[in-house]
Amino acid sequence: MEQYIARAAIPNPPPLPLNSQHLSRRTTLFNRLFAAVYAIASLSLFYYHLTSLLKSPTSVSSFFVSISLFISDVVLAFLWATTQCNRMIPLRRREFPNNLKQLLKNDSDFPALDVFICTADPYKEPPINVINTALSVLAYDYPTTKISVYISDDGGSAVTLFAFMEAARFAAEWLPFCRKNHVVERNPEAFFESNQDLDSQSEKIKIMYAKMKIRIENILEKGKVGEEFINGEEERMILGKWTNSFTPRHHPTIIHVLLESSKNTDITGESLPNLIYVSRQKSETSRHNFKAGALNALLRVSATMSNAPIVLTLDCDTYSNDPQTPLRVLCYFMDPKVGTNCGYVQFPQRFHGISKNDVYGSEYMRLFIFNPIGMDGLLGPGYLGTGCFFVRRTFFGGPSALEPPELPELHPSHVVQNSIRSRQVLDLAHLVARSDYEINTKWGSKLGFRYGSLVEDYFTAYLQKSEGWKSVFCNPNRAAFYGDAPMNLLDAVNQVKRWAIGLLEVTFSKYSPITFGVRSMGLLMGISYCHNAFWAFLCIPVTVYAFLPQLALLNGASVFPRVWDPWFSVYAFLFLGAYAQDLLEFLQEGSTFQKWWNDQRIWSVRALSSYFFASIEFSLKSLGISALGFNVTSKVVDQDQSKRYDQELFEFGTFSPMFLPMATAAIVNLVGFVGGLIGIWRSGGAWEEVFVQIFLAGFTVVNCLPLYEAMAFRKDGGELPREITFLSLFLALLLCSFAAFFSSFN
């Protein structure tokens, strides 16, 4: 891949290694043996189900129970199989940035880097957080003349532009301060929070930052930039474009160069990186394709201005935590053994401010750590939406089949000769940022980030893999990036619901991983991509196991084998084996039992909320009944909410139908557990037939303790709304009554 990121070819391979990789034979052997045994047990369970179904059913209800459990177990087995593909060849890597010195002797030897930062709403994504992200990458340990940072403001907010005008001035002080003091945390907010004992120079910078923050927050509160905050005629002219007819959904293109490396310097005289604000044109008559559309606009605009061979994409809250991160990336892109056909290097998503035991499972260990490590042993991890360094060439067809853009200036090998402030460059940049520019072009289908799914990250990388690209998972000891995680349950489940809808769009398209993916990438990689694509199907088995056995228990019906029946051991092995393997992976990665417990609990919560409602919304959309929108996850934190989050209390607060299934399940399982114990007592201790049902109900009750607390005992503003409690009680009563009637009828 080095031919895509360096102007001159590297004559010889580097004598010192730039990276290494390690495959644990012991872990691989264990995973494969366990998978074989578990698969045999799963097939045995299918045999048990089929023989039960083939027997003459004693009633309609027993047949319904048997077929429901069979379908649920098939779904669970399939989803388990998709995880095994990521356990066959788990690959771990290590980089040696110091060895780059043998290749990169001067600043001119470094490939240029374009950074894309996307934001959309200053009231959900505070501008101070966005500029902290930008400042952290502007201050990379990298030649400043090689860095260009592009801010995509898809909400078209004058407040956001003003914030970056302030950030550009602050950068002239912040960057030399970081270099002089060897600062590692180059997000100012994070630096000042973690460093309380400051010298006089640090105190001066802290005061400057605090004043800037106050000005930005004052403007945000007022909702407009007053004359008293404008510095100079240039700022007045650009901010004057926000007229009364300017709205987030209808406005002209605004591109403003805040810093130009060839002209702007810091207080020590060193060049500053390029910093460009971009708000693409919006029109109510044009499709904008959400974040994918914004990223494609940045791809084109950046091509006209800098056209760096490496592109880093970041969410607005994902700041750099390691200034040497680009050097780690070059350890792969400049290694001819790894760099061949390597389209991107993905870093794991890490989050700051996570509660002690990660109450909402926001670390997503399987999605962001375990699966990428496993996929790295195949063709490489997927794109996680942020913290990813792409080779620009990756967006223009496969490695051996270039898909040329419609303009030569957008070609990945085009060299920009003019200043980024020149009229020629700016005119072209405005042209390619028009809302109607993509009409009759291949953008979104063959070029750039791909359209057709709300999860543009998953879909884009998936299609790039099918074209022949590979990728690398870079997981250094020091987190490369930190982001914000949802601090209330509604935001957490809504975020996953949006992902699940986007994944269903891929699953039921001509690009489904189970067909197209397997054909284009091979069996293991295709099935690996199925793991996320079929997320929403998890709502089927979780819903069945959360209600059906418990309702049967209330009616004295046994639906599982007795404890002394040999088939009971199959159920026990499948349940305990899956949970034990998952726990082992958490512990091996340095996590804790309590974090794992919270993760498995939120797994079932998502199934009964995010996946359940995603399936409904996707089905309605497919029937043309409703249209989907893209809701930005709020990054604004209420102080009381933050306090409850630190105490690891479930945050409900507002009414949402998303809470109804989980609350109903909590009540049904509590009633089923108590009713089952009473039934055992009345029968003189005959527990063998209903042990599995009692266990399932008790296990669910323990998982639902935070819900019971929020229903009955909390009055702190984060409790479960009364409407949800009453509705769930009514639904639970209705289900119990229906089950009793159905049982007596048969």
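In the predicted model, Lys124 is placed in the loop that joins strand S3 (113-119) to helix H4 (127-138). Glu125 occupies the loop between S3 and H4 as well. The two residues differ in accessibility class: Lys124 is partly exposed, at 31% relative accessibility, whereas Glu125 is buried, with a relative accessible area of 7%. Both residues are covered, together with Asp154, by the UniProt annotation "binding site", which comes from an unreviewed entry. These positions are spread over 31 residues of sequence but cluster in space, the largest C-alpha distance being 12.7 Å.

Asp154 lies in a loop between strand S4 (147-153) and helix H5 (158-181). Its relative accessibility of 13% falls under the 20% limit, so Asp154 counts as buried. In addition to the binding-site annotation, Asp154 is listed by UniProt under "active site", again from an unreviewed entry, along with Asp457.

Two helices were examined for span and burial. Helix H12 (residues 365-376) consists of 12 residues and reaches 15 Å from its first C-alpha to its last, close to the 16 Å expected at 1.5 Å a residue. Burial covers 12 of the 12 residues of H12, so this helix is largely enclosed by the rest of the structure. Among the buried residues are the charged-type names Arg366 and Asp376, as well as Asn371, Pro372 and Gly374. Others in the buried set of H12 include Met365, Leu367, Phe368, Ile369 and Phe370.Helix H18 (residues 539-554) has 16 residues, and the distance from its first C-alpha to its last is 23 Å, close to the expected 22 Å at 1.5 Å a residue. A kink of about 25° is located at Tyr545 in H18, shortly before the proline Pro549. Of the 16 residues of H18, 13 are buried, so this helix too is largely enclosed by the rest of the structure. H18 is followed by Gly556, which has a positive phi, near 75°.

Aromatic contacts were considered next. A pair of aromatic rings is described by the distance of the centres and the angle of the planes. The structure holds 69 aromatic pairs. One of them, formed by Phe575 and Phe695, is edge-to-face, with 5.4 Å centre to centre and 90° between the planes. Phe575 belongs to helix H19 (residues 566-588) and Phe695 to helix H23 (residues 691-703), so the pair ties together parts that are 120 residues apart in sequence. Both residues are partly exposed: the relative accessible area is 25% for Phe575 and 34% for Phe695.

In the pair of Phe593 and Trp597, the ring centres are 6.5 Å apart and the planes are at 25°, so this pair is stacked. Phe593 and Trp597 are four residues apart in helix H20 (residues 593-622), a separation of about one helical turn. Phe593 counts as partly exposed at 46% relative accessibility, while Trp597 counts as buried at 18%.

The residues of both pairs belong to one aromatic cluster, which is formed by Trp564, Phe568, Phe575, Tyr579, Phe593, Trp596, Trp597, Trp687, Phe691, Phe695 and Phe699. A contact between a charge and a ring is found at Trp443, where the charged end of Arg300 sits over the ring, 5.0 Å from its centre.

The structure holds zero disulfides. For Cys331, the nearest cysteine sulfur is that of Cys474, 8.2 Å away, and Cys331 is in no disulfide. Cys331 is buried, with a relative accessible area of 0%. Cys736 is likewise in no disulfide, and the nearest cysteine sulfur, that of Cys704, is 14 Å away. With a relative accessible area of 21%, Cys736 is partly exposed.

How values were computed:
Residues numbered from 1 in each chain as written. Predicted model: local features only at pLDDT ≥ 70, side-chain atom pairs only at ≥ 80, totals over all residues. Heavy atoms only, no water. Expected span 1.5 Å × (residues − 1). Bend = angle between axes of the 7 residues up to and from the residue. Buried < 20%, exposed > 50% of the residue type's maximum accessible area, 1.4 Å probe, protein only. Phe/Tyr/Trp six-rings, centres within 6.5 Å; stacked < 30°, edge-to-face > 60°. Lys NZ or Arg CZ within 6 Å of the ring centre and 35° of its normal. Disulfide = S-S within 2.5 Å. UniProt positions renumbered as here; feature names shortened; annotations may be inferred.
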